[in-house]
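Thank you for asking me to look over this model. My comments follow as numbered points, beginning with a question that you may wish to consider with the structure open.

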Amino acid sequence: MNTLGLHAMVATADGDADAIRHAAKVASRSGYGLLELPILDPWALDTDAARDAAQTEGLELACSLGLSTETDISSQDPECVDAGVELLTRAVEVTALLGGRWLCGVLASALGKYPGPPTLAGWRNSIAAMRQVAAHAAEREVRLGLEVVNRYESNLVTTVADAHEYLAAVGSDRLWIHVDTYHALIEETSMRDAVERAGDRLGYVHVGQNDRGALDSGTVDLDGFLGVLVETGYAGPITFEGFSRATADPELADTLAIWRSTWTDGETLAAEANAYLRGRLARHAVGT
Ligand code: MN
């Protein structure tokens, strides 16, 4: 059985020690084995508190982030690229301090809508910067999950095919493809294609519905997606991600265009998502 993860923002909008302890409790009570902590500012995280909370609840930790315009490694401004390398290096360090195996998210560019397609210079900057980060990740035994996001959240890696091209250019075994069903719905030809095209470089998975709410209703064919994961022998983490205006950090909610409150009770949502994932994965496992 895959490790099932919970994105901390399902449980809390905050990142202080009390919020992390609460998120860890919610994750553990809801049946998850992993808590994914957003570390948009990796210097701000109380790593001791996070590690203690995870240990108390018997959870593995993973970290995720999206770069900003000021830390965009695909920028043509060398100052932004340097700031991005510094941030990603610190994020690798934090992930290692937490005993985490995964740093994932929008690592190759800023998280947000770009005014145009990527430039060749920007692509090359991102590749060169990621090589440095990957070398550091190798020293710390951290894996980097390159999240494939939709066109409104990046212009650089928006399909699994883009991700393969990026991985090949960087040339590091530290980099893996991170597929998110919410984004795949918009950019890939099908959930099956997303998984099959990622192939043996699929390292990390986010499951989320089109409205960022409950997994058992919506237009994403999650049952089909989970079936292909089982069929192809995917053994990595499967992390539930959900956002609602009522519960998310306002700044991140703005970046992700979370305008509506589709749910308010994160613990119930987390528990129901966990039951859904367990049920469907078990049924697919029997069917193979
Ligand atoms: Mn995601």
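Does His206 count as buried or exposed?

1. The model is a predicted one, and the remarks below should be read with that in mind. To take the opening question, His206 has a relative accessibility of 1%, and because the limit for a buried residue is under 20%, His206 counts as buried.

2. His206 is also one of the protein donors of the manganese ion, which it meets through ND1. The other protein donors are Glu147 and Glu241, each through OE, and Asp180 through OD, and the four lie 2.1 to 2.2 Å from the ion. Along the chain, these donors follow the spacing E-x32-D-x25-H-x34-E. The pair Glu147 and His206 links distant parts of the chain, since Glu147 belongs to strand β5 (residues 143–148) and His206 to strand β7 (residues 202–207), with their positions 59 residues apart. Glu147 has a relative accessibility of 9% and therefore also counts as buried.

3. As to the fold as a whole, the chain contains 10 helices and 8 strands. Its radius of gyration is 17 Å, close to the 19 Å that the globule rule gives for 288 residues, so the chain is as compact as a globular protein of that length. Taken along the principal axes, the box filled by the C-alpha atoms is roughly 45 × 40 × 35 Å.

4. On packing, 56% of the 288 residues count as buried. Among contacts with a separation of 6 or more, 77% are between residues that stand 24 or more positions apart in the chain.

5. On the surface and the charges, the accessible surface of the chain comes to about 11800 Å², and carbon and sulfur atoms account for 48% of this area. The chain carries 22 positive and 42 negative side chains, with the centres of the two sets 4 Å apart.

6. Two backbone positions deserve a look in the viewer. Arg212, although not a glycine, has a positive phi of about 65°; Arg212 sits in the loop between β7 and α8 (222–231), and at 4% relative accessibility it counts as buried. Ala257 is likewise not a glycine and has a positive phi of about 55°. Ala257 is found in the loop between α9 (250–255) and α10 (266–287), where, at 41% relative accessibility, Ala257 counts as partly exposed.

Technical notes. Residues numbered from 1 in each chain as written. Predicted model: local features only at pLDDT ≥ 70, side-chain atom pairs only at ≥ 80, totals over all residues. Heavy atoms only, no water. Helix = DSSP H or I, 4+ residues; strand = E, 2+ residues; numbered from the N terminus. Rg over C-alpha atoms; globule rule 2.2 N^0.38 Å. Buried < 20%, exposed > 50% of the residue type's maximum accessible area, 1.4 Å probe, protein only. Contact = heavy atoms within 4.5 Å. Areas by Shrake-Rupley, 256 points an atom, 1.4 Å probe, with all protein chains shown as cover. Lys, Arg positive; Asp, Glu negative; His and termini not counted. Charge placed at Lys NZ, Arg CZ, Asp CG, Glu CD. Donors = N, O, S within 2.8 Å, 3.2 Å for Na, K, Ca; no water.
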